[in-house]
Amino acid sequence: MDDERKVSVKKMSDEKITTDISFTKEILTKYPKEQRYLLAILQDIQRHYKFLPRKSLSMVQEYFDIPLSRLYSMATFYKALSLKPKGEYVIKICDGTACHLRGSNIIIDEIKKLLDIVPGDTTRDGRFSLETVNCLGSCAAAPVVVINDRFFGKVTPSKLKEIIEEYGGNGDE
Amino acid sequence: MQIVIDGKTCDAKRGEFLLDIAKRNGIDIPTLCHLDALPGEGNCRMCIVEVLERGRSRVVTSCIYPVKRPVEVLTNTPKIIKMRKTLVMLLASRVPENDMIYQLCEQYDVKPPMRFTKDPTEECILCRLCVRACEEIKLNAISTVNRGITKKISTPFDEPSDTCIGCGACAYVCPTNAIKIHDKNGKRYMWNKSFELLKCEKCGEYFTTRENFEYVNKQLECKEPKILCDKCKKTQAQENLRDIFSTYEM
Ligand code: SF4
Ligand code: FES
Ligand code: FES
């Protein structure tokens, strides 16, 4: 089943990258042509494609008639935006002060062991991405991990292993 | 309104920037990210000074500090010098091999600390003047990229920019000479892009890129421009003037 899943994920992202620009068009029509909506638009695009495709960026550029360099500057500035495809599941490990003190680095190491990715990476099958964030505001539950929009507190290496398995584990194994 | 800078009374308009007032009065304040043509960056903080007001002292960034009341300003107090030293030390840690910053180190008697890992090839202090210059010519080929310790200046995707015309304005304004222009065999190479260089019709020297030449003439709405370098343009203008005067004399 894992193989099947891998293939379908891969196919989906390929198709998205090459063909599906209609969503970008749709988003653009939803917002007035005012630059203060730029970030919101980029966030929508990011949410849909799990990254900012170049085609979409040039469409945004044309729509607002702004320099590409400005968009690129924004796209590389905000952590929520990415130019490389993000995985299906984005794992966010809190590395804020409280979580750091409570061993977030051990969790990061554990992910490296389980999925062979470091912060900023995506697994080869495109299923998991790893990011670190600075304080999620739940320090009492440190160390904190968030996967897509699901929250996990007081995470230990063994608990983490269970969680990752719940999401299908390492596809390479 | 009058303000006092280092004991000298200076005329000032409300809202004028401290640095400009000082400059006009011949008082030297060091700057890195300020050019009169591209003011207001306020990134390098080399231009800090002390402002004394109602018995209290404050450190302000003179290039972006508008004066509102008659105040007293000190540009070279021990406190300011100590802070500038720290700034120079940090800059030197960022661009350890840069001549310009090295000179500042000598001037301020600063030794860069050993505890930072340094990149000997880095020359940019992220002052953003180049980005501003490019913005000002309406080309916007470069911008700041990334944030924090990986921040840098580059073209989108580090690729040759569609809008770059190889004019070299960015390199011209750079305080640390970080942007390298390579002119070789009639070609210019910068920002990962190569350009054809044009030869002056008169003296035969290469002087600009074709793209820059065409861009400037389009902006000036010049229909049949002569391919002349600045020097030859000047001599030509002088000759033209001389011709006009000689007809008057007749
Ligand atoms: S390249 Fe030069 S002008 Fe541009 S930001 Fe760096 S130091 Fe400033
Ligand atoms: S430091 Fe992790 S939630 Fe605050
Ligand atoms: S010259 Fe004022 S901050 Fe750089």
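These legends describe close-up views of a predicted model.

**View 1. The shell around ligand 1.** Chain B supplies the residues listed around ligand 1. Cysteines among them are B:Cys124, B:Cys127, B:Cys130 and B:Cys174. The shell also includes B:Ile125, B:Leu126, B:Ile153 and B:Ile179. B:Pro175, B:Thr176 and B:Ala178 belong to it too, as does B:Arg128. By class, ten residues of this shell are nonpolar, one is polar and one is charged. B:Thr176 is the polar one, and B:Arg128 is the charged one.

**View 2. The contact between chain B and chain A.** Chain B brings 13 residues to the contact, and chain A brings twelve. About 1100 Å² is buried between the two chains. Carbon and sulfur atoms give 60% of that area. On the chain B side, B:Arg147, B:Pro156 and B:Phe157 lose the most area to chain A. Together these three account for 53% of what that side buries.

**View 3. Polar links across the interface.** One salt bridge is counted between chain B and chain A. A:Arg54 pairs with B:Glu159 in a salt bridge, with the closest N and O atoms 2.8 Å apart. Seven residue pairs are in polar contact between the chains, both partners at pLDDT 80 or more. The side of chain B that touches chain A is made up of five nonpolar, five polar and three charged residues.

**View 4. The largest cavity.** The model has one cavity of 30 Å³ or more. The largest cavity holds about 100 Å³ of space. Its lining numbers 14 residues. Closest to its centre are B:Cys134, B:Ala141, B:Cys164, B:Cys167 and B:Cys170. Twelve residues of the lining are nonpolar and two are polar. No charged residue lines this cavity.

Key. Residues are numbered from 1 along each chain as its sequence is written. Chains are lettered from A and ligands numbered from 1 in the order in which they are written. This is a predicted model: local features need pLDDT of at least 70, side-chain atom pairs count only at pLDDT 80 or more; totals for chains, interfaces and linings use all residues. Side-chain values use heavy atoms; hydrogens and water are left out. A residue is near a molecule or strand if one of its heavy atoms lies within 4 Å of it. Ala, Val, Leu, Ile, Met, Phe, Trp, Tyr, Cys and Pro count as nonpolar, Asp, Glu, Lys and Arg as charged, and the others, Gly among them, as polar. Contact means heavy atoms within 4.5 Å. Buried area is the accessible area (1.4 Å probe) that two parts lose on being put together, summed over both. A salt bridge is a side-chain nitrogen of Lys or Arg within 4 Å of a carboxyl oxygen of Asp or Glu. A polar contact is a pair of N or O atoms within 3.5 Å; within protein, one must be able to donate a hydrogen and the other to accept it, and residues adjacent in sequence count only if both atoms are side-chain atoms. On a 1 Å grid over the protein atoms alone, a cavity is a set of points where a 1.4 Å probe fits but cannot get out, and a pocket is an open set with protein on both sides within 12 Å along at least five of seven lines; lining residues have an atom within 4 Å of a point. Grid points are joined across faces, edges and corners, and a volume is the space filled by probe spheres set on the points.
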